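Hi everyone, thanks for making time this morning. I'd like to walk you through one protein, so have the sequence and the picture ready to look at together.

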Amino acid sequence: MHFVALLVLATVAATAAQSCVCNTMKWATCDGSPCECKITLADQVKQTLECTKLIPKCFLMKAEMYRAKKGLSTRSGGKPTDHAFVDNDGIYDPDCEANGVFKAKQCNNTDICWCVNSAGVRRTDKEGQDLKCEKLVETVWVQAQLKHKEGVSLDQAQLKSAMAKAIAERYSVDDKLVTDVKYDKDSRTILVDLRTGTSNVDIATVGYYMEKDIKVLPLFYNDSKKFSPSVDSKNVEFENILVYYVDAEPPTFTMKRLTAGVIAVIVVVVLAIIAGLVVLYISKKRQASAMYQKPEQTTELDEMQKEQLTSS
Ligand SMILES: *[C@@H]1O[C@H](CO)[C@@H](O)[C@H](O)[C@H]1NC(C)=O
Ligand SMILES: *[C@@H]1O[C@H](CO)[C@@H](O)[C@H](O)[C@H]1NC(C)=O
C-alpha cells in the first residue's frame, strides 16, 4: 500500500520536475514550485522569463552575446548574414529596458553608438557617445522572405491561411498579424508580411524566432520540432530566410555609409564609357573597311526590327 503511494508520489514529482521548463527559451534554467525560469544576460544579471510567451528579442540577443562571450554554445551557425535594410551589423550586446524593449541608443559596450528601431536594428550612422536618440522608432512592418526546399509545389490559394495558422500556433500570436502572403513558384520564395496594426505584439521578436527556426536551430525548449507549415496537407520546409524591417519613420543613414557603394558605381560607369568608346571606334573602323558588305547589315537590321515587333 505504502509502496504504491510512494510510487505514485514519485511519478507525480517526476512529471512536475519535467514540466518545469521554459518552452519558449531552451537556454533558460528553471526550478522551484511554482516553476520559475531565468536566463543569464550578463555576469550576475539574471532575467526572470515569462515562458508562456515569446521572450523579447532584446533579452535573446543579450543572452546570445553572453553565451558567445563565455564560449557556451548558442547553437547558432554564426551571425545573421542578411543584407536587408540594415541587419548587416549582426549581433551586438544590447541595452534593454526592464520589460525587454530595446533602448533607443545602443553602444555595444564601446564608445561608438547608434540609434535602433524597436527591432533593435541600427537606423542611423555610428557616432560618438554624445549621439542623441530622441525616441525608439517602431518597426511597423516585418517582411520575412522564406525560401522553401525543393520538391514541393505549393498551392497559392491555400498558402496565406496555412502560413498564418502555422505562425499563430508556433509563436502564440494572433493570425491577423500575418497581413499578406505572396508566392513566387520559380524562385520558391514566400513573402510573409507581419504588421503590428492595433495589437502590441512585438513582430520583431516573432521575426527573430523565425530566423532562428530556419537558419539555425529553434530557440524553443524542444528544438527538434521544426517550423513546417502544412499547406494542402504537404509539409513545407525552408532552407533560407531574409528579414526586412520597415519603420514608422525612414532611417537616417547619411552618405557616409554609401561611400564605398557610390565609388563602385562611379568606377563601373567610367569603365562602361571607356568600353563604349572602344566599341564605337572599332565599329567605325569596321564600317569604313567593309563599306560594301551591305547584305549582312540588312539582316542585322531585320532581326532588330523583328525583335522590336515581337516585344511590342
Ligand atoms: C559588438 O561587440 C562585439 C565584441 O565586443 C563584436 O564582436 C560585435 O561585432 C559588435 N557588434 C556591433 C554591431 O558593433
Ligand atoms: C520534441 O519534438 C519532437 C518532434 O515533434 C518529438 O518527437 C519529441 O518527442 C519532442 N520532445 C520532447 C521532449 O517533447
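Before we start, one term: when I say helix or strand, I mean a DSSP run, at least four residues for a helix and at least two for a strand, numbered from the N terminus. With that in hand, we can place Asn109, which is found in the loop between β4 (105-106) and β5 (114-115). And please keep in mind throughout that this is a predicted model.

I picked Asn109 as an opener for its backbone. Its phi is near 60°, a positive value in a residue other than glycine. Is Asn109 buried or exposed? It counts as exposed because its relative accessible area is 63%, and the cut-off for exposed is over 50%. Ser172 gives us another case: its phi is near 50°, again positive in a residue other than glycine. You'll find Ser172 in the loop between α3 and β7 (178-184).

Now let's step back to the whole protein. There are 6 helices and 11 strands. Of the 312 residues, 36% count as buried. The protein exposes about 19200 Å², with carbon and sulfur atoms supplying 57% of that. If you take contacts between residues at least 6 apart in sequence, 62% of them join residues at least 24 apart.

Let's go to the strands next, starting at β1. Strand β1, residues 29-31, and strand β2, residues 36-42, pair in the antiparallel sense over 3 bridges. Which residue of β2 is the bridge partner of Asp31? That one is Glu36. The hairpin of β1 and β2 has 4 residues between the strands, and Gly32 there takes a positive phi near 85°. The loop between β1 and β2 also holds Pro34. Have a look at the peptide bond from Ser33 to Pro34: it is cis, with omega near 5°.

Carry on along β2 and you reach another hairpin. β2 and strand β3, residues 45-48, run antiparallel and are joined by 4 bridges. Here there are 2 residues between the strands, and Gln44 in the turn has a positive phi of about 60°. Ala42 stands opposite Val45 in β3.

On to the helices, and first α2. It has 13 residues and reaches 18 Å from its first C-alpha to its last, close to the 18 Å expected at 1.5 Å a residue. How many of the residues of α2 are buried? The count is 10 of the 13, so α2 is largely enclosed by the rest of the structure. Among the buried ones are Cys58, Phe59, Leu60 and Met61, but also Lys57, Lys62, Glu64 and Arg67. What covers the buried residues of α2 includes β2 and β3 from our hairpins, along with α4 and β11. Just after the helix comes Gly71, whose phi is positive, near 70°.

That brings us to α4, residues 203-215. At 1.5 Å a residue, its 13 residues should span 18 Å, and the end C-alpha atoms are 18 Å apart, which agrees. α4 is mostly covered, with 12 of its 13 residues buried. The buried run includes Ile203, Val206, Tyr208 and Tyr209, as well as Glu211, Lys212 and Asp213. What covers the buried residues of α4 includes α2 (57-69), β6 (139-148), α3 (156-171), β8 (189-195) and β11 (238-247).

Since β11 keeps turning up, let me show you one of its residues, Asp247. Why does Asp247 count as buried? Its relative accessibility is 10%, and buried means under 20%. The side chain of Asp247 makes a polar contact of 2.9 Å with the side chain of Arg123. Another polar contact, of 3.0 Å, joins the side chains of Asp247 and Thr139.

Last stop, ligand 2. Which residues are around it? They are Asn222, Ser224 and Lys225. The protein covers 32% of the 360 Å² of accessible area that ligand 2 has on its own. If you zoom in on Asn222, an N or O atom of its side chain is 2.3 Å from an oxygen atom of ligand 2.

That's the tour. Thanks for listening, and I'm happy to go back to any of these views.

Definitions and conventions:
Residues numbered from 1 in each chain as written. Chains lettered and ligands numbered in written order. Predicted model: local features only at pLDDT ≥ 70, side-chain atom pairs only at ≥ 80, totals over all residues. Heavy atoms only, no water. Expected span 1.5 Å × (residues − 1). Buried < 20%, exposed > 50% of the residue type's maximum accessible area, 1.4 Å probe, protein only. Contact = heavy atoms within 4.5 Å. Near = heavy atom within 4 Å. Polar contact = N/O pair within 3.5 Å; in protein donor to acceptor, adjacent residues only side chain to side chain. Areas by Shrake-Rupley, 256 points an atom, 1.4 Å probe, with all protein chains shown as cover. Pairing = 2+ DSSP bridges.
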